[in-house]
Amino acid sequence: NVISNHMPTADLQRLDAAHHMHPFTAGSELAEKGARVITSAKGVMLTDSDGHQILDAMSGLWCVNIGYGREELAEAAARQMRELPYYNTFFQTTHVPAIALSAKLAEIAPRDLNHVFYAGSGSEANDTNIRLVRHYWAQKGQPDRNIIISRTNAYHGSTLGGGSLGGMSGMQNQGVPVIPGIHHIDQPDWWSEGGDMSPHDFGLACARQLEDAIKQHGPDRVAAFIGEPVQGAGGVIVPPDSYWPEIQRICDDYGILLIADEVICGFGRTGHWFGSDYMGIRPDIMTIAKGLSSGYAPIGGSLVCDEVAQVVNDAGDFNHGYTYSGHPVACAVALENLRILQEERIVENVCNKIAPYLADKWTQLTDHPLVGEAKIVGMMGSIALTPDKAARAKFKADAGTVGLHCRGRCFDNGLVMRHVGDRMIIAPPLVITESEIDTLIDRAVQSLDETY
Ligand code: PLP
């Protein structure tokens, strides 16, 4: 009675539904339909328990940047497990994998983001950020500077801190109070909310909501602004070009910390090492996770600039940390992942070759009658499904059902695309080839045809 890949799918699904509570999933649906059982993967292709080959255009959950099946990462993990499977980084101890990864991150991160506080995930890292910025301002003699401004429809994780920072009502209305002192301004989603404004003017108007919020709460009360360079889980909302420079100006003018949540955008996803490089901004703190280890091991962290780190370091104990902060196996895997990204020049290849190829094909999807706008930055893209392109209309009744249906068609056609409402999104592994992109597009078009 060994449970293995060789068991019939229905038996695996039955056991799964009986004992496994899944994130963001209705348990009753699992019992009814069963979950898809993924058994192995190589490159960009998944194999399921019925032997189907599925092109994973979501890199798992936006994380498998270097693709599946890289032996070097398995070896790095095994080596580290043999040598030192665990030791903590609390109370004046450290180890070589954490030292080496921290030095490497300082080398590749922009500006003087020379310090890293590790976590096990992006959510935990954002929890760190809440404490870190409030602690920083308190140490600077401004304890009332504790308001953090975020955006509607942002995703910053699923912990109580991450969910409070995020701007998705579904994450917040769950009977648990959100952390006080976090306020939200509008997301820069021109397609849905731009009305008659040009994208440029709309971008400026959205950014200036930050200035309004600072004035409303009091410039000496606002600690930080947090945003994803490109909103990912919200539907790959690419801001107009005018947006981020104006946000940077406002943060500079009022001296508030800028936190770039790079959990999705980091490590090559935008065709640059970080989304902040792509957007030309200089964050004081960056949240990192996912692509840091290409998802091969759970690890996240906060990259922190010299000034903030110095204030926090000089203030005595920072009463914060996780058992797995700087886990040696996760650090060793992340280090090997970064070596591969650098030595194989994967980010450069995305920027110069693969992203332009994908962008060309992806934007042609607007020829399809169901597709309104198509947006793409590097290797993350979205299409808005619409009943009326000219009016930028949404499917009013049952928002999200067309997207859900399309996602189902994709899966049946051997393609993982995700839907956020009626937006379809992709974020394929950075190592996808041109011919695999052709397959992705063919399967997407077929699925759109079947949805239309
Ligand atoms: N921040 C962003 C921008 C994310 O997209 C996510 C996850 O999708 C998180 C934070 C949370 O990361 P994790 O799921 O590793 O906790």
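Here's a quick briefing on the ligand shell, the sheet and one helix pair. Keep in mind that this is a predicted model. An open sheet of 7 strands runs through it with mixed pairing, and helix α6 turns up both in the shell around the ligand and packed on that sheet.

**Around the ligand**
- There are 18 residues around the ligand, and Ser121, Gly122, Ser123, Gly157 and Val263 come nearest.
- Helix α6 (residues 122–139) supplies the largest share of this shell, with 3 residues.
- By class, the shell has 10 polar, 6 nonpolar and 2 charged residues.

**The sheet**
- Reading across, the strand order is β4-β10-β9-β8-β7-β5-β6.
- At the edges sit β4 (115–119) and β6 (182–185), each pairing on one side only.
- From one strand to the next, the twist averages 20°.
- β4 pairs with β10 (residues 300–304) in the antiparallel sense, over 5 bridges; here histidine 115 stands opposite valine 304 in β10.
- α6 packs on the sheet and touches β4, β5 (147–151), β7 (222–227), β8 (257–261), β9 (285–288) and β10. The direction of α6 makes about 30° with that of β10.

**The α15/α17 pair**
- The axes of α15 (residues 346–363) and α17 (residues 434–451) come within 10 Å and cross at roughly 20°.
- With angles under 35 degrees counting as roughly parallel, α15 and α17 are therefore roughly parallel to each other.
- Their crossing, α15 with α17, is right-handed.
- On the α15 side, Tyr357, Leu358 and Lys361 meet Glu434, Ile437 and Ile441 of α17.
- That contact between α15 and α17 has 4 nonpolar and 2 charged residues, with no polar ones.

Key:
Residues are numbered from 1 along each chain as its sequence is written. This is a predicted model: local features need pLDDT of at least 70, side-chain atom pairs count only at pLDDT 80 or more; totals for chains, interfaces and linings use all residues. A residue is near a molecule or strand if its C-beta atom, placed from the backbone, lies within 6 Å of it. Helices (H or I, at least four residues) and strands (E, at least two) are DSSP runs, numbered from the N terminus. Ala, Val, Leu, Ile, Met, Phe, Trp, Tyr, Cys and Pro count as nonpolar, Asp, Glu, Lys and Arg as charged, and the others, Gly among them, as polar. Two strands pair if DSSP finds at least two bridges between them. Axes are lines fitted to C-alpha atoms, for helices over the stretch in contact, and angles run from 0 to 180 degrees between N-to-C directions. Two residues are in contact if their C-beta atoms, placed from the backbone, lie within 7 Å. Angles under 35 degrees count as roughly parallel, over 145 as roughly antiparallel, 65 to 115 as roughly perpendicular and the rest as oblique. A crossing is left-handed if the near helix is turned anticlockwise from the far one by less than a right angle, and right-handed if clockwise.
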